[in-house]
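Visitor: Before we begin, I should like to understand how each descriptive term is justified. May I ask for the reasoning behind the labels?

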Amino acid sequence: MKVSEAVERRVSIRAFRPERPSADMVRGILEAAARAPSGGNLQPWKVYALAGEPLEALKARAAANPMGETPEYDVYPSNLWDPFRTRRFQNGEDLYATIGIPREDKAARLRQLARNTELFGAPVGLFFCLDRKLGPPQWSDVGMYMQTVMLLALEQGLDTCAQEYWARYPKTVADILGLPDDHMLFSGMALGWRDESAPINTLRSARDPFEAWGELRGF
């Protein structure tokens, strides 16, 4: 698979089959992704892959606390402004439309949101952490590592869904992982094979044209 093909095919999957990829497959993806760039070669990521009983224990504890905990950080700025507000709103509307949940059915939307704590049925959960003393440049390094994981997973026929949602459960995740106090949870990620029959997996989020966010100068 070409890199361009992987970039084009990658989407966030929100319904997975229960079959679990092997430990060797998961480790191979995570190890290969370590070639992702990082400023000064700090390699700031610390990664945990959960399956089986550890993953079920995490999901059970998160599901028992639907309101979550004090978030590790704000995933979105408060009072989000345009064009970001409109993009987020439209993406949500498009997502719920795939599963027939109207805007006024708040309860159904909350139930779907809670599916995050189940990793959408994925058999593997990845959790990306880093030292608290590191700053935004290293956060971006972890993001580049995660993107590399997602593309390598596609090469292996697997699918993913990055989940900053897990920042709402920092204490629960830290307890399950045995995360040192000087490390923080950045994001989770669901990993597995997509359920091809699930309507929600038909969503392909829109992208603005190049002219909305890019410029070429001096060409």
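The conversation below takes the sheet, the helix contacts and several single residues in turn.

Visitor: What kind of model is this?

Guide: It is a predicted model.

Visitor: How is the sheet ordered, and which are its edge strands?

Guide: The order is E1-E2-E4-E3 in an open sheet of 4 strands, with antiparallel pairing. Strand E1 (46-50) and E3 are the edge strands, since each pairs on one side only. From one strand to the next the twist averages 25 degrees.

Visitor: How do you know that E1 and E2 pair?

Guide: Two strands count as paired if there are at least two bridges between them. E1 and E2 are joined by 5 bridges and run antiparallel, so they count as a pair. Within this pairing, Val47 has Phe128 in E2 as its bridge partner.

Visitor: What makes E2 and E4 a pair, and in which sense do they run?

Guide: Strand E2 (residues 124-131) shares 8 bridges with E4, in the antiparallel sense. The requirement is at least two, so the label applies. Gly125 is placed opposite Ala190 in E4.

Visitor: How many bridges join E3 to E4, and which residues stand opposite each other?

Guide: Strand E3 (residues 159-163) is joined to E4 by 5 bridges, and the two run antiparallel. Thr160 faces Leu191 in E4, and Asp159 stands opposite Gly192 in E4.

Visitor: Why are E3 and E4 called mostly covered?

Guide: A residue is buried when its relative accessible area is under 20%. In strand E4 (residues 183-192), 10 of its 10 residues are buried. In E3, 4 of its 5 residues are buried.

Visitor: Where does H6 lie with respect to the strands?

Guide: Helix H6 lies across E1, E2, E3 and E4, and runs at about 15 degrees to E4.

Visitor: Why are H2 and H6 called oblique to each other?

Guide: The axes of helix H2 (residues 23-33) and helix H6 (residues 136-155) cross at roughly 135 degrees and come within 9 Å. Roughly perpendicular covers 65 to 115 degrees and roughly antiparallel begins over 145, with the rest between these being oblique. The two helices are therefore oblique. H2 passes H6 in a right-handed crossing.

Visitor: Which residues form that contact, and of what class are they?

Guide: Ile29, Leu30, Ala32 and Ala33 of H2 meet Tyr145, Thr148, Val149, Leu152 and Ala153 of H6. By class, the contact has 8 nonpolar, 1 polar and no charged residues.

Visitor: What makes H3 and H7 roughly antiparallel?

Guide: Helix H3 (residues 52-63) and helix H7 (residues 170-177) pack at an angle of about 155 degrees, with their axes 10 Å apart. The cut-off for roughly antiparallel is over 145 degrees, and H3 and H7 therefore receive that label. Pro54, Ala57, Leu58, Arg61 and Ala62 of H3 make the contact with Thr172, Val173, Asp175 and Ile176 of H7. This contact has 6 nonpolar, 1 polar and 2 charged residues.

Visitor: How do you know that Ala122 is buried?

Guide: Its relative accessibility is 2%, and buried means under 20%; Ala122 therefore counts as buried. Ala122 is in the loop between helix H5 (106-114) and E2. Leaving aside neighbours within four places in sequence, Ala122 is in contact with Phe16, Leu55, Lys59, Ala190 and Leu191.

Visitor: Is Gln138 of helix H6 buried or exposed, and why?

Guide: Gln138 has a relative accessible area of 13%. The limit is under 20%, so Gln138 is buried. Beyond neighbours within four places in sequence, Gln138 touches Leu42, Pro44 and Leu130.

Visitor: Why is Asn41 called exposed?

Guide: Exposed means over 50%, and the relative accessible area of Asn41 is 51%, so the label holds. Asn41 lies in the loop between H2 and E1, and its phi is near 55 degrees, a positive value in a residue other than glycine.

Visitor: What makes Asn79 exposed?

Guide: With a relative accessible area of 74%, Asn79 is exposed, the cut-off being over 50%. Asn79 lies in the loop between H3 and H4, with phi near 50 degrees.

Visitor: Which peptide bond is cis?

Guide: The bond that joins Asp82 and Pro83 is cis, with omega about 10 degrees. Most peptide bonds are trans. Pro83 is found in the loop between H3 and helix H4 (84-98).

Terms used: Residues are numbered from 1 along each chain as its sequence is written. This is a predicted model: local features need pLDDT of at least 70, side-chain atom pairs count only at pLDDT 80 or more; totals for chains, interfaces and linings use all residues. Side-chain values use heavy atoms; hydrogens and water are left out. Axes are lines fitted to C-alpha atoms, for helices over the stretch in contact, and angles run from 0 to 180 degrees between N-to-C directions. Angles under 35 degrees count as roughly parallel, over 145 as roughly antiparallel, 65 to 115 as roughly perpendicular and the rest as oblique. A crossing is left-handed if the near helix is turned anticlockwise from the far one by less than a right angle, and right-handed if clockwise. Contact means heavy atoms within 4.5 Å. Ala, Val, Leu, Ile, Met, Phe, Trp, Tyr, Cys and Pro count as nonpolar, Asp, Glu, Lys and Arg as charged, and the others, Gly among them, as polar. Buried means under 20% relative accessible area, exposed over 50%, partly exposed in between (1.4 Å probe, protein chains only).
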